[in-house]
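Colleague: I'm new to this structure and could use a guided tour of one part of it. Could you take the open sheet and walk me through it slowly?

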Amino acid sequence: MTAQSLKETLHRRVSRIAEPQILFPLIAVVLLAATWGATLGLIRIKHAEAEHDAATVSHELLGTYEAQVVRVLHEIDQTLNLVKFWHERAGMHGTLAELKDRGLLPPDLVFSVGIADRHGTILESTRPLGAVSVADRDYFRDQRDGDSIRVGHLPRGATGDGRVPFTRRLNAANGDFDGAVIVAVDASFFVSGYDASKLGEHGVLGVLGTDGIFRVRRSGDSMFSGDAINYSSLLPKPDELDADPPVSLSSWDGVRRWSSAREIYGFPLAILVGLAQDEQLAAVERNSAVYLWRAAAGSLAIVVFTALLGRMSWQLAQSRLRESDSKLAHAQRVEYLAYHDGLTGLPNRSMFSKLLSQRISEARRYHRELAVAFLDLDRFKQINDTLGHEAGDQLLQEVATRLHGCVRDSDTVARLGGDEFVVLLPELEDGKLAATVAQKILGVIGKPFTLIGHEFRVTASIGISVYPQDGQDEQTLTKNADIAMYQAKTEGKNNFQFYSEQLNANSLERLTLESSLRHALERDEFRLYYQAKRDIRSGCIAGMEALLRWEHPDLGTVTPMQFIPVAEETGLIVPIGKWVLKMACLQSVAWQNEGLPPFGIAVNMTERQFLDESLLQDLASILQSTGMNPQLLELELTESLLIHDVENTLRILTGLKSLGVRIAVDDFGTGYSSLATLQRFPLDTVKIDRSFIGDLVGPSEDSGLADAIITMGKSLSLTVIVQGVETKEQADFLRAHACDELQGFYFNRPLPANQFAQLMRAQTANITYVGTRAGLQNQQP
Amino acid sequence: MKASALCALVFAVLAATNIQAEDIVVIVNPAAKAISKDQIADLYLGRSGGLTPIDQTAGSAIYVQFYKQATGRDVAQVKAIWSRILFTGRGLPPKQLPDSAAVKQAIAANPNAVGYIEKSAVDASVKVVLPLD
């Protein structure tokens, strides 16, 4: 284990200790240990002090007692010697009476003095000694053989009034044994100094013989005499004289005491002082009990306190936990919202980006291909506008469900916003298999939807990019799928397209267009071209259509088909449209001023232009400022635009008509509008789409349809123009069917103003027919 | 015979009662000052000195009665008290004289002496300072 990891381990342990469930019990244990340690230590110290005190007191009491006993014994011995002296000298009766008269005998209160002859018969005494003869007593018999003080003892039992006899030998003149002097002392006298305040009720104070027999011993108020103990064990060893006496069990009454004993010099006696252990320690035991109770109470307080603290801390931790849980839940919710689409619940763009990056890494590692399919609903805006946003949302949800239902579990469906969806197909052996899936998707989207009670059909355009050939990273793949999808849109919608390099080039172009379109007006890059409309009978120029061209400095001429959708999308169409109108009017007025005939001039209008609030106002001011005759200006509107919102269209058209301009329906026949609807509009001209004249020659459906449409226009008293006439056969057919005017490459391709002016001048100079096919063919690209 | 014996016994008991009930007085030398009952008790229980207490024979009727009346203690207690004083060397018990006459004599001879006798035994040689009852 390295020093670093050791340090970390230590740090982990330390921080683990800081957790409440460890910390508070630990604090409690430490406090309890401290409390009990201090209490028990204090008790032990107090105990030791008390023991030492008891031993000391015992020792001191022994010293005092010794002094008192020694003094009394000397007094007794003095009396014995005095009587012995007088008796031996006088050798007659009356010794005691004489001594007493002289006050030489100790008080009668506790002392009795007697003299016995050689046979043990009491000759005289100060008080009765209780026996007539002492011949059989040890203290008397022993005096026959020796000359020292003897001390008798009481029979075993309570002391009562019993007396302890002290004797000395009496000698005859020749030195023979001649009896003994006896001093009998109340046994209780020796222990009359018992002080209960120091010795208590179970202490002991006593005098015993060196023979081990108690002369008297006292505990409290009880006095006993005559019992024998092991004398030698009672006395301290010589080397322990100064030490505290140990506690020992008193053999005579079974009480444990600190006992001190000491021999009395010159007498066959010893004294004993003992302090009872239980009495001496009672105070300290009581204190100990108090300390223990306090410690117990303290412990309880500690436990309760730390338990409370612990509980509070635990609650705090819990609430923190709950808080962090709710934060986590909130964070998860936020993350969900951040990565999912609220409407459909599908992953959103951010999530899709992450997933795609992930899948690309996997595909790279396992050498697989993956496909990204971009899907955009066609006409979604229209549905949203006509049926409302709720229906639109419902449609998106239904689309999401259908998409989800037709791909594998491992595939991902995401919504990027609006009506844009993307399907990620991460496990493909061959990227081309994505076509199968795309077809399947087109199939399920194509099935009818029921929205707010109406059955609807929508279509989708799908663009597909495949890893690795169409891009190595998430951004490129996404972008390329998007480009492919745009391609699918331009290809007529309701289809899918794989990405290709060519598409990319187009797309780049589109991007450039968008940015430079913004500056095109101010840089004066727009030009108007004019295409002739010819009378079907005479072939003469009957009018013209102004067509917008963009002379891009880098890209060259850009056709309207390329940039109008962009302009429409960005809203730039409104200023551009105004410019077109103004230029067309200025040109027309200029030509008239040149003396050229007043030809009608048609200008296309887009949806956005048409719906622009200030259209009427702008148009009126253009007409006024240019001096253009409104009758010569024809506005071309597509059929689908007109029927989108019939009432609104009617209102705007009425406004336009009030300015005096003519209204033409462009692409007539493609909007499936009913005759009744068309009849309501103040129209002047219908233009038939070239799709109806594609194959007019021969008994085909197309020829019948074109015929029907022309007839219809005629029946509404409208000028009928067929556009996109490219072949002589077509022109012939239309001429035969009483169409009014023709327009198309077959007759004239669009020309710049100066060339178109030449064309008009030529016609005016009676060159009646220039529309030979050969001549026109020369002008074609 | 029986009746006369019984009569004698009754008389003896009554006589004893009479003796027991005889009043005791504390006496001092006629020249001495007066003395209180508390002082007497202290003097005879060895609690104070100054005067010389004189006792009668231990265990005699007057001795027992005196200590009962003057100190409120019985013989054994008095003995224990004086034993202790004696043993610890703080004093000697009062000198005991055989009868009231000896007491009177001793008091008459010593102006510091204090004694007690039967009230009936009082004469001019001594002064009564405190009758006991």
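Modeller: Here is a close look at the sheet, with a little on the rest of the chain before and after.

Keep in mind that this is a predicted model. To get your bearings, chain A has 25 helices and 29 strands. Of its 781 residues, 45% are buried. If you take the contacts between residues at least 6 apart in sequence, 63% of them join residues at least 24 apart.

Now for the sheet. It's an open one with five strands, and walking across it you meet E14, E15, E13, E18 and E19 of chain A in that order, with mixed pairing. Strand E14 (412-417) and strand E19 (496-498) of chain A are the edges: each has a single partner strand, so one side of each has no neighbour in the sheet. On average, neighbouring strands here are turned by 20° against each other, if you ignore direction.

Let's start from the E14 side. E14(A) pairs with strand E15 (residues 420-428) of chain A in the antiparallel sense, over five bridges. If you want a spot to look at, find A:Val413, which sits opposite A:Val423 in E15(A). E14(A) and E15(A) form a hairpin with two residues between the strands, and there A:Gly418 takes a positive phi near 55°.

Step over to the other partner of E15(A), and you reach E13(A). These two also run antiparallel, and seven bridges join them. Here the pair to find is A:Asp376, which stands opposite A:Glu420 in E15(A).

So what about E15(A) itself, is it enclosed or open? Eight of its nine residues are buried, so E15(A) is largely enclosed by the rest of the structure.

Helices pack here too. Helix H9 (residues 349-366) of chain A packs on the sheet and touches strand E13 (369-377), E14, E15 and strand E18 (460-467) of chain A. The direction of H9 makes about 20° with that of E15(A). Then there's helix H12 (residues 434-446) of chain A, which lies across E13, E15, E18 and E19 of chain A. H12 runs at about 160° to E18(A).

Away from the sheet, here's a helix pair to look at. Helix H16 (residues 573-594) and helix H18 (residues 615-626) of chain A have axes that come within 10 Å and cross at roughly 25°. That makes H16(A) roughly parallel to H18(A). Their crossing is right-handed. On the H16(A) side, the residues making the contact include A:Leu581, A:Cys585 and A:Val589, while those from H18(A) include A:Leu619, A:Ile622 and A:Leu623.

One last stop is a single residue, A:Thr306, in helix H8 (residues 277-339) of chain A. A:Thr306 has a relative accessible area of 6%, so it counts as buried. Its side chain reaches the backbone oxygen of A:Val303 at 3.2 Å. Setting aside neighbours within four places in sequence, A:Thr306 is in contact with A:Phe24, A:Ile27 and A:Ala28.

Terms used: Residues are numbered from 1 along each chain as its sequence is written. Chains are lettered from A and ligands numbered from 1 in the order in which they are written. This is a predicted model: local features need pLDDT of at least 70, side-chain atom pairs count only at pLDDT 80 or more; totals for chains, interfaces and linings use all residues. Side-chain values use heavy atoms; hydrogens and water are left out. Helices (H or I, at least four residues) and strands (E, at least two) are DSSP runs, numbered from the N terminus. Buried means under 20% relative accessible area, exposed over 50%, partly exposed in between (1.4 Å probe, protein chains only). A polar contact is a pair of N or O atoms within 3.5 Å; within protein, one must be able to donate a hydrogen and the other to accept it, and residues adjacent in sequence count only if both atoms are side-chain atoms. Contact means heavy atoms within 4.5 Å. Two strands pair if DSSP finds at least two bridges between them. Axes are lines fitted to C-alpha atoms, for helices over the stretch in contact, and angles run from 0 to 180 degrees between N-to-C directions. Angles under 35 degrees count as roughly parallel, over 145 as roughly antiparallel, 65 to 115 as roughly perpendicular and the rest as oblique. A crossing is left-handed if the near helix is turned anticlockwise from the far one by less than a right angle, and right-handed if clockwise.
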